[in-house]
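Colleague: Hi! I have just opened this one and would love a quick tour. Could you put it up for both of us?

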Amino acid sequence: MDKDRTIEEFKEMTDEINDPMDEVARIIIETDEKNPKLLAVVTQDDCETAPELRVRMKPVYDLQPTIVIANKKYREINIVKESGELIASISPEDIIEAKGYRVEMVDD
């Protein structure tokens with residue numbers, strides 16, 4: 001938090017941000033006093049506020065699907081021989097296999 005900027009300035013600065021927040025389970029908004037008053041609790045897809053307050057949630061637009069492994073996001077996974085020959089390409093939308101190779105998907 002930057003004490004030199006106003007909330008209006010910060011809102012304007014962030015209007016064009018379209019990246020989802022990572023590693024945040026919830027946001028708690030409260031007053032800054034010895035016994036803070038709870039004003040709002042915001043999660044990934046829901047929120048509750050104190051009376052006479054509202055929270056507006058901005059969706060992430062045109063988010064490209066990703067593959068997540070160990071909390072890291074990938075656009076695609078390519079399986080390649082040491083020679084550089086592409087064996088398979090896996091994306092969230094498709095699996096492309098080279099002739100003579102097969103990709104097996106394993107789920108729970």
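Modeller: Happy to! One term before we start: a salt bridge is a side-chain nitrogen of Lys or Arg within 4 Å of a carboxyl oxygen of Asp or Glu. Keep in mind that this is a predicted model, where local features need pLDDT of at least 70 and side-chain atom pairs count only at pLDDT 80 or more, while totals for chains, interfaces and linings use all residues. Residues are numbered from 1 along each chain as its sequence is written, and side-chain values use heavy atoms, with hydrogens and water left out.

Colleague: Got it. How many salt bridges does a search of the whole structure find?

Modeller: Four. In one of them, lysine 11 pairs with aspartate 15, and their closest N and O atoms are 3.1 Å apart.

Colleague: Is aspartate 15 buried or exposed?

Modeller: In between! Buried means under 20% relative accessible area and exposed over 50%, with partly exposed in between (1.4 Å probe, protein chains only). Aspartate 15 counts as partly exposed because its relative accessibility is 36%, and lysine 11 is partly exposed too, at 43%.

Colleague: Which residue does arginine 102 meet in a salt bridge?

Modeller: Glutamate 104, at 2.4 Å from N to O. Both arginine 102 and glutamate 104 are exposed. Another salt bridge links lysine 81 and glutamate 85, at 3.5 Å.

Colleague: Changing topic: what is the order of the strands in the open sheet of three?

Modeller: The order is S6-S7-S8, with antiparallel pairing. Strands here are DSSP runs (E, at least two residues) and helices are too (H or I, at least four), numbered from the N terminus. Two strands pair if DSSP finds at least two bridges between them.

Colleague: Why is one side of S6 left without a neighbour in the sheet?

Modeller: Because S6 (77-80) stands at an edge with a single partner strand, and S8 (95-97) does likewise. S7 (residues 86-90) is joined to S8 by three bridges; serine 89, for example, has isoleucine 96 in S8 as its bridge partner.

Colleague: Last thing: which element gives the most to the lining of the largest pocket?

Modeller: Helix H1, with four residues. By class, that lining has 19 nonpolar, six polar and 12 charged residues. Here Ala, Val, Leu, Ile, Met, Phe, Trp, Tyr, Cys and Pro count as nonpolar, Asp, Glu, Lys and Arg as charged, and the others, Gly among them, as polar.

Colleague: Lovely, thanks!
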